[in-house]
Amino acid sequence: MATTPSLDNLDVEIWSQLNAGLMSALPSILLGLFFVVCAFVAVWLGKRIIRKMQFGDQARQRVLRAWAEVETYVASGDDVHLRMAVIQADAVLDMALQAKSFSGRTLNDRLNFAIHKYRNLKKVRWAHGLRNTLAHEPLKPLSRRDGIGAIGSFRSALKELGAL
């Protein structure tokens, strides 16, 4: 006489098979979940970094207003205003680097960090050095050629940063 399996034995057998199947799939499920979470975190961090490296509307407007002042000084044509334009252009560059979240205590420190991302910023070092000379040696004459050249270097740097 054949014995028929009881309902309790059948439930236990099905549960055992289901449990064994889930346990064997669990590492794959967890690994997949891990990759999904990592992908979300990477996208979130990427957007955050990109947002930090771009100018916000307020920062861009501040830079544009300050640069308009530099252009006004240059347009006046006299040596005193050209000197002021070089000093102001240096400040505008510093403002732009700060807006892009480059760290450092001074403009020179921020330039050191920024040069790793924007190679052409090396060219603005000369203009920054001229600004330092003008600020610390007020009797030192400024040639029109050097002043206009420095303004051009600052303009190029600001364009490369995306500020102008």
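**Exercise 1. Decide whether Val 37 is buried, partly exposed or exposed in this predicted model, and name the surface feature to which Val 37 belongs.**

Step 1. Val 37 is to be found in helix H1, which covers residues 7-53.

Step 2. The relative accessibility of Val 37 is 46%, and the class called partly exposed lies between the buried limit of under 20% and the exposed limit of over 50%.

Step 3. Val 37 therefore counts as partly exposed, because its relative accessibility is 46%.

Step 4. Together with Leu 30 and Leu 33, Val 37 makes a nonpolar surface patch of about 280 Å².

**Exercise 2. Classify Asp 94 in the same way, and find its contacts beyond its neighbours within four places in sequence.**

Step 1. Asp 94 belongs to helix H3, which is made of residues 79-99.

Step 2. Since its relative accessibility is 17%, Asp 94 counts as buried, the limit for that class being under 20%.

Step 3. Once the neighbours within four places in sequence are set aside, the residues in contact with Asp 94 are Leu 107 and Arg 110.

**Exercise 3. Describe the largest nonpolar core, and state which helix gives the largest share of this core.**

Step 1. The largest nonpolar core has 33 residues, and those touching the most other members are Trp 67, Val 70, Leu 93, Leu 97, Leu 121, Ile 151 and Phe 154.

Step 2. Two or more residues of this core come from each of the helices H2 (57-76), H3, H4 (107-117), H5 (125-136) and H6 (144-161).

Step 3. The largest share, 8 residues, is given by H3.

Step 4. For Leu 93, contacts outside the neighbours within four places in sequence include Leu 107, Leu 111, Val 124 and Phe 154, as well as Ala 157, Leu 158 and Leu 161.

**Exercise 4. Work out which residues Arg 131 meets, and which of them is joined to the side chain of Arg 131 by a polar contact.**

Step 1. Arg 131 lies in helix H5, and its C-alpha atom is separated by 9.0 Å from that of Gln 88, although these two residues are 43 residues apart along the chain.

Step 2. Leaving out neighbours within four places in sequence, Arg 131 is in contact with Val 86, Ile 87, Asp 90 and His 136.

Step 3. The residue sought is Asp 90, whose side chain is joined to that of Arg 131 by a polar contact of 3.5 Å.

**Exercise 5. Summarise the protein through its helices, its strands and its buried residues.**

Step 1. The protein contains 6 helices and 0 strands.

Step 2. Of its 164 residues, 26% are buried.

Step 3. Among contacts between residues at least 6 apart in sequence, 62% join residues at least 24 apart.

Methods: Residues numbered from 1 in each chain as written. Predicted model: local features only at pLDDT ≥ 70, side-chain atom pairs only at ≥ 80, totals over all residues. Heavy atoms only, no water. Patch = residues over 30% accessible without salt bridge, like charges linked within 9 Å, V, L, I, M, F, W, Y side chains within 5 Å. Areas by Shrake-Rupley, 256 points an atom, 1.4 Å probe, with all protein chains shown as cover. Salt bridge = Lys/Arg side-chain N within 4 Å of Asp/Glu carboxyl O. Helix = DSSP H or I, 4+ residues; strand = E, 2+ residues; numbered from the N terminus. Buried < 20%, exposed > 50% of the residue type's maximum accessible area, 1.4 Å probe, protein only. Contact = heavy atoms within 4.5 Å. Core = buried A, V, L, I, M, F, W, Y, C linked by side-chain atoms within 4.5 Å. Polar contact = N/O pair within 3.5 Å; in protein donor to acceptor, adjacent residues only side chain to side chain.
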